[in-house]
Amino acid sequence: MNTTLETTADPSPEELTFLAERLTAFNDGDVGASGRKALAVFVRDEDRAVVAGISGYTAWGWLYVQWLWVDERLRGRHIAGDMLDAAEREALARGCQNAWIDTFNPTAAKVYERQGYRPFGTLPDFPAGRSRIFLQKRLA
């Protein structure tokens, strides 16, 4: 088989789907089906506009919070904690026993620690001048 190596900043959605399907099939065969399922929590204002939210997924008994955002006007009101509580309740209902999240914002890391998350690793200078902090929490 002859092959070529291609680097692109613009992969097609079909190519990305192809990779995801192949890796999922490999992982399912290696460690068992992940049961991956999207999970989102939104806070909306009186006009139904999203003013805070979480996006992530559950898989292999873990909740992963990929994105957590709170509108600047609402920060300091425990909204991040309320959203994490809601995501964790749903994760527990799905059979998850653990959760993890990462951030390079020191203030966010403190919020997550107040929610019971504990650091388990860091990547220094990611991005430059900061450290990416990985935190986990036992749910059950």
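A residue is called buried here when its relative accessible area is under 20%, exposed when that area is over 50%, and partly exposed in between. With that convention, buried residues make up 30% of the 140 residues in the protein chain, a figure that, like every other value below, refers to a predicted model. The accessible surface of the chain comes to about 9,700 Å², and 53% of this area belongs to carbon and sulfur atoms. Along its principal axes, the C-alpha trace spans about 60 × 35 × 35 Å.

The secondary structure consists of 3 helices and 6 strands, which follow one another from the N terminus in the order α-β-β-β-α-β-α-β-β. When contacts with a separation of 6 or more are considered, 48% of them join residues that are 24 or more positions apart. Several of the details described below concern pairs or groups of this kind, and it is convenient to take them by region, starting at the N-terminal helix.

Helix α1 covers residues 13-31 and contains Leu-16. This leucine counts as partly exposed because its relative accessibility is 46%, and together with Phe-18 and Leu-19 it makes a nonpolar surface patch of about 300 Å². Further along the sequence, Arg-22 forms a salt bridge with Glu-21, in which the closest N and O atoms are 3.6 Å apart. Both partners fall in the intermediate class of accessibility: Arg-22 is partly exposed because its relative accessible area is 46%, and Glu-21 is partly exposed at 45%.

In the loop between α1 and β1, the latter spanning 37-44, lies Ser-34. With a relative accessible area of 17%, Ser-34 is buried, and its side chain reaches the backbone nitrogen of Arg-36 at 3.0 Å. Leaving aside residues up to four places away in sequence, Ser-34 touches Asp-28, Ala-59 and Trp-60.

The pair Arg-22 and Glu-21 is not alone, since the count of salt bridges comes to 5. In general terms, side chains of opposite charge can pair when their charged atoms come close. One of these bridges is formed by Lys-137 and Glu-88, whose closest N and O atoms are 2.9 Å apart. Lys-137 belongs to strand β6 (residues 131-138) and Glu-88 to helix α2 (residues 79-93), so this pair ties together parts that are 49 residues apart in sequence. Both Lys-137 and Glu-88 are buried. Another bridge joins Asp-102 to Arg-132, with 2.7 Å between the closest N and O atoms. Here, too, distant parts of the chain are linked, for Asp-102 is in strand β4 (residues 98-103) and Arg-132 in strand β6, 30 residues apart. Asp-102 counts as buried because its relative accessibility is 14%, and Arg-132 is likewise buried, with a relative accessible area of 17%.

Which residues of helix α3 are buried, and how are they arranged around its axis? The buried residues of this helix, which covers residues 106-114, are Ala-108, Ala-109 and Tyr-112. Seen down the axis of α3, these residues fall within an arc of 105°, so they line one face of the helix. The face turned away from that buried side carries the exposed residues Thr-107, Lys-110 and Arg-114. The cover over the buried residues of α3 includes β3 (62-70), α2, β4 and β6. At the N-terminal end of α3, Asn-105 acts as a cap, with a side-chain oxygen 2.8 Å from the backbone nitrogen of Thr-107. Just after the helix, Gly-116 takes a positive phi of about 100°.

The relation between α2 and α3 can be followed through a single residue, Ala-80, which lies in helix α2. Ala-80 counts as buried because its relative accessibility is 13%. The C-alpha atoms of Ala-80 and Ala-108 are separated by 9.1 Å, although the two residues are 28 residues apart along the chain. Not counting residues up to four places away in sequence, Ala-80 touches Leu-68, Val-70 and Val-111.

Definitions and conventions. Residues are numbered from 1 along each chain as its sequence is written. This is a predicted model: local features need pLDDT of at least 70, side-chain atom pairs count only at pLDDT 80 or more; totals for chains, interfaces and linings use all residues. Side-chain values use heavy atoms; hydrogens and water are left out. Patches are made of residues with over 30% relative accessible area and no salt bridge: like charges are joined within 9 Å, nonpolar side chains (Val, Leu, Ile, Met, Phe, Trp, Tyr) within 5 Å. Accessible areas come from the Shrake-Rupley method with a 1.4 Å probe; for residues, only the protein chains shown count as cover. A salt bridge is a side-chain nitrogen of Lys or Arg within 4 Å of a carboxyl oxygen of Asp or Glu. Helices (H or I, at least four residues) and strands (E, at least two) are DSSP runs, numbered from the N terminus. Buried means under 20% relative accessible area, exposed over 50%, partly exposed in between (1.4 Å probe, protein chains only). The arc is that of the directions from the helix axis to the C-beta atoms. Contact means heavy atoms within 4.5 Å. A polar contact is a pair of N or O atoms within 3.5 Å; within protein, one must be able to donate a hydrogen and the other to accept it, and residues adjacent in sequence count only if both atoms are side-chain atoms.
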